[in-house]
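Got the viewer open? Here is a short tour, with what to select at each stop.

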Amino acid sequence: MSGDDSHGDDLRKLWQTTGEQPQREDHSMNLRLAREKQRSLFDVLREQDMTAYIISLSFAPLTAWCAWSGRRSLWLLAGYLLMTVTLAAGAAAVWRNARRARRAERIDLSRREHQQQLIRFHDARIRFSKSVKYWYAIPLFAGGGLVLYPITAHFLGRMGGLLLVAGFLLICWISVWHMHDVRGVADLRRRRDDLQQLLDEMNRTED
Amino acid sequence: MTNNPGTVREHEFLRLLGVYGPALRRLCAGYLHSGGDREDLFQEIAAALWSALPGFRGAASERTWLYRVAHNVAYSYARKRRRQYRSELQVGALPDRLQAPEDPRRRVLLEAVQQLGPVDRQVVLLYLEGLSTREIEQVTGLSANSIGVRLTRLRRRLASLIAGKEVNE
């Protein structure tokens, strides 16, 4: 037996000595806790965009009702309808993403495969976050613009009203861009880099 | 006796924890210092096993499958906790079932394992639990060669740390 083997056997024996452990542990409590902790779709949503989901879902009926109420004005009808469709699409997209994430999540992969899975998941989240400013923010704010423009134009004239609405919506759009593209993506990238670091460390010893 | 899938799953879950519970507790100790964190991690692992159990088809051995789940959960949990309480990990406060082992050599071994990098720690924990190189390969996704190189280095390091402890006493 080589020196390394005997060291190994000693280490294993030492490690597996668990004098402080009760001989038999009652795991019925663990079963109950495991059932409670089982991840639901809402847990996945909570980790992702629960706020965006709730906002979209609660405002969509409101804007739909506003569209119905203001149906005599083409501006209001078009604006509120655009907002309703965008909010509903936003909620659906967040829901779909969370479902996909839950279905794709497999915890019983090897460390390397699991790490790759997490990196793919983060990449998808980054792509989604970066796309929000286009497919969500632009139509939502365009709808808002259609609603606001007749009011501002009434007080400030066509050009004044247009400039005020455009300026306000631009600020809103920049905020969304900053929140998703700058802060959100930076946070996701940090986590992704962390995951990539471990994968790189695993790959380094393979060379 | 019933063949209700829910009951079968429960029996299987309780059997797994009965067989591998002590090993999972040691795994938690290898990842985290604080007793409270270890308990939480144990429950996270139990929850992950409960969720993953219906998907276990026997493609891998039961032991390999269980360690895959446990280490994936442990790594993510430990990473999250490190971010949250970086300083707390240095203190290592709460007592737990595996803290303050009677054998001081075991304490040295435990501390040495906790200080390893994530990949080395996973490899060495699997080794200490008695998994073969082939099984460690299946759990980690590392090649047998890489595992061999790591284990040779780590075994020597751990053995010399423990021998140093014995000399000091």
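Color chain A by burial to start: of its 207 residues, 23% are buried. Keep in mind that this is a predicted model.

Now switch chain A to cartoon. You get 6 helices and 0 strands, so to speak an α-α-α-α-α-α run when read from the N terminus. Next, draw the contacts of chain A with a separation of 6 or more: 77% of them link residues 24 or more positions apart.

Select residues 111-204 of chain A, which is helix H6, and pick out Ile174(A) inside that helix. Is Ile174(A) buried or exposed? Ile174(A) has 12 other C-beta atoms within 10 Å, and 12 or fewer counts as exposed, so exposed is the label for this residue. While you're here, put a distance label from the C-alpha of Ile174(A) to the C-alpha of Ile119(A): the two are 28 Å apart in space and 55 residues apart in sequence.

Time to hop over to chain B. Give residues 1-99 one color for domain 1 and residues 101-169 another for domain 2, following the domain assignment. Where the two domains of chain B meet, 13 residues of domain 1 are in contact with 14 of domain 2. On the domain 1 side, the elements giving two or more residues are helix H1 (5-31) and helix H3 (62-84) of chain B. Zoom in on H3(B), as its 6 residues are the largest share of that side. Finally, color the domain 1 side of this contact by residue type: you'll find 7 nonpolar, 4 polar and 2 charged residues.

Terms used: Residues numbered from 1 in each chain as written. Chains lettered and ligands numbered in written order. Predicted model: local features only at pLDDT ≥ 70, side-chain atom pairs only at ≥ 80, totals over all residues. Helix = DSSP H or I, 4+ residues; strand = E, 2+ residues; numbered from the N terminus. Buried ≥ 20, exposed ≤ 12 C-beta atoms within 10 Å, placed from the backbone. Contact = placed C-beta atoms within 7 Å. Domains from an automatic or database assignment. Nonpolar A, V, L, I, M, F, W, Y, C, P; charged D, E, K, R; others polar.
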